[in-house]
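Subject: Structure for your review

Dear colleague,

Please find below the structure that I am handing over to you. I should be grateful if you would look through it alongside the notes that come after it.

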Amino acid sequence: MLKRAIVLPPEHLYPPEEWRVTEKRYNDEFADRAETVFSLGNGFVGVRGSFEEGRPALLPGTFVSGFHETWPIMNTEKAPGLARHGQTIVNVPDATILKLYVDDEPLFLPTARVNSYSRILDMQAGTLSRDLVWATASGKHVRVRSQRLVSLEHRHVVAMTFEVTLLDHPAPVVISSMILNRQDAHARDVEPLEDQPGDPRLATVLPHRVLNARLTELADQRILLGYQTTNSGLTLGIGVEHVIDTACPYQMSGSVSEDTSEVILTAVAQPGVPILVTKYASYQTSRTAPVTELADRCRRTLDRTVRDGFGSLVTSQRENLDRFWDRADVRVQARLHPLRQQQAIRWNLYQVAQASWRAEGSGIPAKGLTAQAYEGHYFWDTEIYVLPFLCYTQPRIARNLIRFRHSMLGYARERARELSQRGALFPWRTINGEEASSNVQQGTAQYHINADIAYAISRYANVRGDGLVADIGAEILVETARLWEDLGFYGTDEKFHIHGVTGPDEYTTVVNDNTYTNLMARQNLSFAAATVRRLRDERSEEYAALVHEVGLRPGEVESWELAAAAMHVPFDHDRRIHPQDDTFLEREVWDLAGTPPGKFPLLLNYHPLVVYRYQVLKQADIVLAMFLLGDQFSREQKRRNFEYYDPLTTGDSSLSACVQSIIAAEIGSERQALEYFNYALLMDLANVAGNASNGVHIASAAGVWSSLVFGFGGVRDFDGRLSFSPRLPRAWSELSFSLRFRDRQIRVTLTHDEERYTVEKGEPLQVMIGREPHLLAPGSPVAIKRPQP
């Protein structure tokens, strides 16, 4: 893979700590990246890490999962089945702004004289805090302390405190608490940010007004707002309450309007007497409920939250994160920069928690709720990269995400009919269930998303059992299997072929017999058939309900089994590798070494047809198949495939590095495994891809866990059988992690002297460690001495 520069911010600005990310000084160079790094979220609402003052703000945003606007896609040339409506997540009104004026002068960090400063993301507490001392031009010293959280316990709540204390002289103080509609008043208080024009990864800038006020209400220190989107018709309610605590005399005033609402506190502050503003915000959305109902919900949420107080939110935040870290934490004892590496690992895992914890009735966007990039769309990233982490650590969330996909099945059936296919075809990118991409080559043709969803269901069944499969999974499996059986055909060689598809690698499009797609489709067909047969034999009532629901016909299951058995899997006997597709090896090899660094990513610098003609990969394709379906490749095939495709892979996709790390570890290439792991680990913290300001790469963040557990920990779960084959790097002295498997909590600690496996809860479990079977039972840890070199 193309070598990437890894340049971390200097330690005097961002010191290494195990559980916190601390900014010791405001710095223009890292300000845009910091908005991403210090983002907060809970899976329902997310807030970028912009400053309380609202300025400087490079890409500020507040996002509510699933709340989006639509617009007509203007296809210059019409064709049946092209996506008709685009979708983009809305930047909802921002309630985090608290502007400070002392002696009528604003606090503005780029020009303020600040004697001390720290901003801390605490990944155990789930809070973002800031503490600074501002020396005003008139010689007064002001301490400003703030704390912000997006509640994990109460999914509709964002809360913050803002405390101002004059340290030496009295002064008039004004605190302006604002709610700003940045979506439609986006020019206000936002600094221009240079981005590459035409970057398809960025959000669409909508030319029309998106949020239309249906309710504006101010009562004392409470603001209630209601909006409806112009095209999608979704409704949004926002409630904001202020609680003031100070011994200084003060006055309150306020105003509300469509785009800017504020509550203003005016006081004559005395030295040593703090002014504390606690600001609570509630967000509610709906597809059908009127804004008046959403406002009532906000009222009730605010009443309860104010009654319980900010301290209650802080306590419940820590309790939720204690549960998360108990199952999700991975500890690495690295010989070089141990604190920095542990900090980065935890930051990545924390981002997945923030993207998923309360994702109930919605999916996980590619950037979580940290930015508008990729329009806030859901891709296959969730099923292939995020679900494995959640299955093993937070199965409740994994179950919710699979249920969310099932809720889109009706749209998927309609999409298949639009493309003249039977069964169901899930959208390549979406928010509301409809296909939102009109890019036929790189989007629609990626039929593998069907198999990716089926794979996620099978993985959940392997890890948790098949209860969900009988409930809703079987319906998805039947409809996706139907599509594969209809899409493919039997050739003159009596093999089953799938033509005109695009695999995970978006630099090679609309090909015949993409190996990844064929292998995953085979898995989909086989698992669907086995599931239906098992329901018929073991759960007659569920089977009867399934037959009724999907109209299962005689002979269908047998047709899936025949197609799976006859599936063509390309293999080049001369090179002894799997071609990415049936003509991939006939193409000219792209000269990556001779390509100027400024020409990457290729997708932004070359016409797609230029790229399509070459052997060059945006991301892992065959290598990904070798991870997901590793029991279907020999070790020698894995080694030869990896050695062939690795030099062709640009790494232009953030999805690649973690997978390449896993396979490199499996084939014994420790140097490459660590190198790719570090790319994934520092994708955002070191801005490896050059676009960290546009939000967290959530799939890559989850992939860090996979690199650690599946790569260096050697965990596999083929056919529901748990196995371990650890590959601890020499650069690390210890690796420890936890797994939740079939209602058992398993703890694993690996050193160069010993492997230790413990079951804390649940029945005894038979596992494979290396090539030997072992029984893990509570109270009886299995310790295996490692051979010394």
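The notes below begin with the whole protein and then turn to one sheet and two residues.

Please bear in mind that this is a predicted model.

Overall form

The protein has 789 residues, and a compact globule with that number would have a radius of gyration near 28 Å; the value for this protein is 27 Å, which agrees, so the overall dimensions are those expected of a compact globule. Along the principal axes, the C-alpha trace spans about 85 × 65 × 60 Å. The secondary structure consists of 19 helices and 32 strands.

Of the 789 residues, 62% are buried. When contacts between residues at least 6 apart in sequence are considered, 69% of them join residues at least 24 apart. The protein exposes about 29,000 Å², and 49% of this area is supplied by carbon and sulfur atoms. As to charge, there are 97 negative and 84 positive side chains, and the centres of these two sets lie 3 Å apart.

An open sheet of five strands

Strands of a sheet pair through backbone hydrogen bonds, in either a parallel or an antiparallel manner. In this protein, one open sheet is formed by five strands in the order β8-β7-β13-β18-β17, with antiparallel pairing. Its edge strands are β8 (105–106) and β17 (250–255), each of which pairs on one side only. The pairing of β17 with β18 (residues 260–269) is antiparallel and runs over six bridges. Within this part of the sheet, Ser253 has Ile264 of β18 as its bridge partner.

Two buried alanines

Ala185 lies in the loop that connects β13 (171–180) and β14 (211–219). Its relative accessibility is 15%, and because buried means under 20%, Ala185 counts as buried. Ala185 and Gly711 stand 526 residues apart in sequence, and their C-alpha atoms are 47 Å apart in space.

Ala620 is placed in the loop between β24 (614–615) and α15 (622–628). Ala620 is also buried, with a relative accessible area of 3%. Which residues is Ala620 in contact with, leaving aside its neighbours within four places in sequence? They are Pro504, Thr649, Ser656, Val659 and Gln660. For Gln660, which is 40 residues from Ala620 along the chain, the C-alpha atoms of the pair are separated by 7.1 Å.

Yours sincerely,
A colleague

Definitions and conventions. Residues numbered from 1 in each chain as written. Predicted model: local features only at pLDDT ≥ 70, side-chain atom pairs only at ≥ 80, totals over all residues. Heavy atoms only, no water. Helix = DSSP H or I, 4+ residues; strand = E, 2+ residues; numbered from the N terminus. Rg over C-alpha atoms; globule rule 2.2 N^0.38 Å. Buried < 20%, exposed > 50% of the residue type's maximum accessible area, 1.4 Å probe, protein only. Contact = heavy atoms within 4.5 Å. Areas by Shrake-Rupley, 256 points an atom, 1.4 Å probe, with all protein chains shown as cover. Lys, Arg positive; Asp, Glu negative; His and termini not counted. Charge placed at Lys NZ, Arg CZ, Asp CG, Glu CD. Pairing = 2+ DSSP bridges.
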